[in-house]
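Thank you all for making the time this morning. Before I say anything, please take a moment to look at what is on the screen.

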Amino acid sequence: MKEKIETALRRAAEQLPQPDFQVMADTPVQPLEVHDYVTRQEFLPPRRRVRPAAAALVLCALLLCAGLWVYFQFFQIYTVVDLRVNPSFAIELDRRDQVRTVRALTEDAQPILEGRSYQGWDLEAAIGALLDDLSVRGYLTDGAEVDVAVNSKSADHGRDLREDLEEFITQKLSGLGSGNTQVHMESTPSPQVTQPAPTTPAASTPSSAPSAPVSNTSGQDVMTWDEAKAIVTARLPEAQFDEIKLDDDDGRLIYELKFRDGNRVEYEADLDAITGEILKWEKD
């Protein structure tokens, strides 16, 4: 009986239709209209990775910009105020008129600055302290003269600062009992000159005049080269000159000077050849 059943089942299976493989492969698959949480597929866009080199470059650029901003705000010398009684001082300021350094321009000023640092002081506070010391040491007697010269990268700022300092110093001297002391505000660290410039350079001049002649149409006298150098040495006594020339900048006569200090640091300065005003003072 068992054998008959197996034989019948085998014959029934053999009689079933056999599907062709190619027909099965070509039959399109019907997509599911509804997916459950297992069959649902969500494709997210690939995340972009920031390359380490690009990130480091951006960071360096930001740090450089921040460093330049800090330098120009807090470290660059923007204005120089020369205070001359008999001892003479050069007060170097940053863009915010905060004191960076105070240098002695004369030998008798060095003992006053020994052991003292005015870095970070407000300008008026530093000048007030210097005037106090000068008064105690007997330099601000009746008939004394206080000369103040302001040289700034901004002409407008320098003019405003001169006006403020003149009022402050006058009031300070009055409080010190030195009301008869005269205050002279100058735009340059040395008096204006009236002697005409030589037509040919002196033997000691380190460079020659411009190849084209420089005409003076202002009707005013032009300072000599020695007087131009004297303006620089009043501010930097150890200056060693490498080049001096007279040039015409849109009708304005300008002395262009290149020189070095005692540490071989190079400087460049432009002076108005008529008034002696320092138009540029840069350290390389």
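Let me begin with one pair: threonine 79 has leucine 93, in strand 2, as its bridge partner. This is a predicted model, in which local features need pLDDT of at least 70 and side-chain atom pairs count only at pLDDT 80 or more, while totals for chains, interfaces and linings use all residues. Residues are numbered from 1 along each chain as its sequence is written, and side-chain values use heavy atoms, with hydrogens and water left out.

Strands here are DSSP runs of E with at least two residues, numbered from the N terminus, and two of them pair if DSSP finds at least two bridges between them. Strand 1, residues 79-84, pairs with strand 2 in the antiparallel sense over six bridges, and a hairpin of three residues joins the two. On the other hand, leucine 93 also has valine 99 in strand 3 as a bridge partner, and strand 2 pairs with strand 3, residues 99-104, over five bridges, again antiparallel.

Is strand 2 enclosed or open to its surroundings? Six of the six residues in strand 2, 88-93, are buried, so the strand is largely enclosed by the rest of the structure; buried means under 20% relative accessible area, with a 1.4 Å probe and protein chains only. Ser88, Ala90 and Glu92 point one way, whereas Phe89, Ile91 and Leu93 point the other way.

Turning to another sheet, four strands form an open one in the order 6-7-8-9, with antiparallel pairing. Strand 6 (240-249) and strand 9 (278-283) stand at its edges, each with a single partner strand, so one side of each is left without a neighbour in the sheet.

Note on methods
Buried means under 20% relative accessible area, exposed over 50%, partly exposed in between (1.4 Å probe, protein chains only).
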